[in-house]
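Subject: Handover of a structure and notes on it

Dear colleague,

Please find the structure below, handed over for your use. My notes come after it.

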Amino acid sequence: MTYAEYFSYVKTLFMNADVSDIKEHLAYQFNITGEASGIFYVEVKDGELHIEPYEYYDRDAMFTASAKTFKDILDGKMDPVFAFTIQKLKVEGNFDKALKLNELIKRK
């Protein structure tokens, strides 16, 4: 899978997520390593979800993992906290906001 295919998969997965009741600003950068390597960000701002294939410098948290690990997390096959615990997922930044990633995944 190429980065473009992977990014398209993620964007399609979240396209209909209802985040209208999330009032706080959440901004995550995802660094994909290995196959399909690349960077994208997910932002919730003013009740709207944005996913773009760019770095996001004003992020709350940054996640680094392989495309397979991210896919397993997004598909509900792996808990992100477990992935972090077994060192398949690296997290930098605000851990309180990073934990809210689970909430976004459940809305997809």
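The notes below begin with the chain as a whole and then turn to individual strands and residues.

Please bear in mind that this is a predicted model. Every value in this message was computed from it.

Overall architecture

The chain contains five helices and five strands. Their order along the sequence is α-β-β-β-β-α-α-β-α-α. The C-alpha trace extends over about 35 × 30 × 25 Å along its principal axes. For a chain of 108 residues, a compact globule would be expected to have a radius of gyration near 13 Å, and the chain agrees with that because its own value is 13 Å.

The contacts add to this picture. Of those with a sequence separation of 6 or more, 66% join residues that are 24 or more positions apart. Buried residues account for 43% of the 108 residues.

Surface and charge

The accessible surface of the chain amounts to about 6100 Å², and carbon and sulfur atoms contribute 52% of it. As for charge, there are 14 positive and 18 negative side chains, with 4 Å between the centres of the two sets.

Strand β1 and its partners

Strand β1 covers residues 26-33 and is mostly covered, with seven of its eight residues buried. Two pairings of this strand deserve mention. With strand β2 (residues 38-45), β1 pairs in the antiparallel sense over seven bridges; within this pairing, Leu26 stands opposite Val44 of β2. The two strands form a hairpin with four residues between them. Gly34 lies in the turn of that hairpin and has a positive phi of about 75 degrees.

With strand β4 (residues 61-66), β1 pairs in the parallel sense, over six bridges. Here Ile32 stands opposite Ala65 of β4. Strand β1 thus takes part in an antiparallel pairing with β2 and in a parallel pairing with β4.

Lys11 in the first helix

Which residues does Lys11 touch, leaving aside those up to four places away in sequence? They are Ile51 and Glu52. Lys11 belongs to helix α1, which runs over residues 3-14. Although Lys11 and Ile51 are 40 residues apart in sequence, their C-alpha atoms are 6.3 Å apart in space. Lys11 is classed as partly exposed because its relative accessible area is 31%, a value between the cut-offs of 20% for buried and 50% for exposed.

Two residues with positive phi

Two residues other than glycine may be of interest when you examine the backbone. Asp46 has a positive phi, near 55 degrees. Asp46 sits in the loop between β2 and β3, the latter being residues 48-52. Is Asp46 buried or exposed? Its relative accessibility is 69%, so Asp46 counts as exposed, the cut-off being over 50%.

The other is Gln87, whose phi is also positive, near 65 degrees. Gln87 is located in the loop between α3 (80-85) and β5 (90-93). With a relative accessibility of 71%, Gln87 likewise counts as exposed.

In brief, the chain has a radius of gyration that agrees with a compact globule, a mostly covered strand β1, and positive phi values at Asp46 and Gln87.

With kind regards

Technical notes:
Residues are numbered from 1 along each chain as its sequence is written. This is a predicted model: local features need pLDDT of at least 70, side-chain atom pairs count only at pLDDT 80 or more; totals for chains, interfaces and linings use all residues. Side-chain values use heavy atoms; hydrogens and water are left out. Buried means under 20% relative accessible area, exposed over 50%, partly exposed in between (1.4 Å probe, protein chains only). Contact means heavy atoms within 4.5 Å. The radius of gyration is taken over C-alpha atoms; the globule rule is 2.2 Å times the number of residues to the power 0.38. Accessible areas come from the Shrake-Rupley method with a 1.4 Å probe; for residues, only the protein chains shown count as cover. Lys and Arg count as positive and Asp and Glu as negative; His and the chain ends are not counted. The place of a charge is taken as NZ of Lys, CZ of Arg, CG of Asp or CD of Glu. Two strands pair if DSSP finds at least two bridges between them.
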